[in-house]
Amino acid sequence: MKNLKVVIVYASRYGHTKLQAEAVARGAAAVPDSEVVMMTADEAAKRLDELDSADAIIMGTATYMGNMSSELKRFMEESVSRWGKQMWSGKVASGFTNSSNFSGDKLNTLLGIVVFAMQQGMIWVGVGQLVGANEPDGGRSNEGFGPNAVNRNSASIGPMASSFQVKAPEAPPAGDIATAEAYGRRVAEVALKLKK
């Protein structure tokens, strides 16, 4: 039996955020004794009992018009029964997002997920990565960090991917996927420490 349960709840209409979610899952699964469950936000809204037994809930969504998707918001609203009893209090929470450009107001999306987690009494885990650590000279040019740079969007709250108008699976680029994978591992490691 696995010692740690990580549930990844995601909403993805065009496949970009699903690729991020899969990378987060790979990272979390790399932590020994971790069980990783992926489900869409629509599925999660119907399987709240399964989330009750999670040690960590990682939420991901594309950023649409500067905010989270309606699917993730619906999942959050369905979980109000957990809020009233603070059933998820003390669980680890985290989140990630993707948009079609560098900004897209992704910060607003992540802050929405943070507020939800705080309402539920959860413990937030941030990225914990410096911008472009694998490309130390990337910040010394007008072009900035390239598509292979880890955390090229300089996120602290949760991974931000930029897919522009490139269709999945060509986007998000390798650096954004690597950021998501490292994040999944970090969240699972923190959750395991807290559980012990």
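Here are some worked exercises on a predicted model, each with a task and a stepwise solution.

**Exercise 1. The loop after strand E6**

Task: Find where Ser 163 sits, decide whether it is buried or exposed, and list what it touches.

Solution:
- Step 1. Start with the secondary structure: Ser 163 belongs to the loop that runs between strand E6 (160–162) and helix H7 (174–195).
- Step 2. Next, take its accessibility. Buried means under 20% relative accessible area, and Ser 163 is therefore buried, with a value of 2%.
- Step 3. Finally, look up its contacts. Leaving out residues up to four places away in sequence, Ser 163 touches His 16, Asn 98, Ser 99, Ser 100, Ala 171 and Pro 172.

**Exercise 2. Unusual backbone geometry**

Task: Which peptide bonds to Pro 169 and Pro 172 are cis or trans, and what is the phi of Gln 86 and of Phe 164?

Solution:
- Step 1. Recall the background: most peptide bonds are trans, and most residues other than glycine have a negative phi.
- Step 2. Check omega before Pro 169. The bond from Ala 168 to Pro 169 has omega near 10 degrees and is cis; Pro 169 lies in the loop between E6 and H7.
- Step 3. Do the same for Pro 172. The bond from Ala 171 is cis, with omega near 0 degrees, and Pro 172 is also in the loop between E6 and H7.
- Step 4. Turn to phi. Gln 86 has a positive phi near 50 degrees; this residue is in the loop between helix H5 (80–85) and E4, and is partly exposed at 32% relative accessibility.
- Step 5. Phe 164 has a positive phi near 50 degrees too. Its place is the loop between E6 and H7, and at 35% it is partly exposed.

**Exercise 3. Pocket and patch**

Task: What is the volume of the largest pocket, which residues lie nearest its centre, and which residues form the nonpolar surface patch with Phe 164?

Solution:
- Step 1. The largest pocket has a volume of about 320 Å³.
- Step 2. Its lining counts 21 residues, and those nearest the centre are Tyr 14, Asn 98, Ser 99, Ser 100 and Phe 164. Helix H1 (16–29) and strand E4 (92–99) are the elements giving two or more residues to this lining.
- Step 3. For the patch, join Phe 164 to Phe 102 and Val 166; together they have about 260 Å² of accessible area. Val 166 lies in the loop between E6 and H7 and is partly exposed at 38%.

**Exercise 4. Salt bridges**

Task: How many salt bridges are there, and what do the pairs of Arg 82, Lys 73 and Arg 152 link?

Solution:
- Step 1. Side chains of opposite charge can pair when their charged atoms come close. The count here is 11 salt bridges.
- Step 2. Arg 82 pairs with Asp 49, with the closest N and O atoms 2.6 Å apart. Arg 82 in helix H5 and Asp 49 in helix H3 (residues 48–52) are 33 residues apart, so distant parts of the chain are linked.
- Step 3. Compare accessibility within this pair: Arg 82 is buried at 9%, while Asp 49 is exposed at 61%.
- Step 4. Lys 73 pairs with Glu 77 at 3.7 Å between the closest N and O atoms. They are about one helical turn apart because four residues separate them in helix H4 (residues 70–78).
- Step 5. Arg 152 and Asp 176 meet at 2.9 Å, N to O. Arg 152 is in the loop between strand E5 (123–124) and E6, and Asp 176 is in helix H7, so the bridge ties together parts 24 residues apart in sequence. Both Arg 152 and Asp 176 are buried.
- Step 6. Lastly, look for shared partners: Asp 49, Asp 52 and Arg 82 are joined into one network.

Note on methods
Residues are numbered from 1 along each chain as its sequence is written. This is a predicted model: local features need pLDDT of at least 70, side-chain atom pairs count only at pLDDT 80 or more; totals for chains, interfaces and linings use all residues. Side-chain values use heavy atoms; hydrogens and water are left out. Buried means under 20% relative accessible area, exposed over 50%, partly exposed in between (1.4 Å probe, protein chains only). Contact means heavy atoms within 4.5 Å. Patches are made of residues with over 30% relative accessible area and no salt bridge: like charges are joined within 9 Å, nonpolar side chains (Val, Leu, Ile, Met, Phe, Trp, Tyr) within 5 Å. Accessible areas come from the Shrake-Rupley method with a 1.4 Å probe; for residues, only the protein chains shown count as cover. A salt bridge is a side-chain nitrogen of Lys or Arg within 4 Å of a carboxyl oxygen of Asp or Glu. On a 1 Å grid over the protein atoms alone, a cavity is a set of points where a 1.4 Å probe fits but cannot get out, and a pocket is an open set with protein on both sides within 12 Å along at least five of seven lines; lining residues have an atom within 4 Å of a point. Grid points are joined across faces, edges and corners, and a volume is the space filled by probe spheres set on the points.
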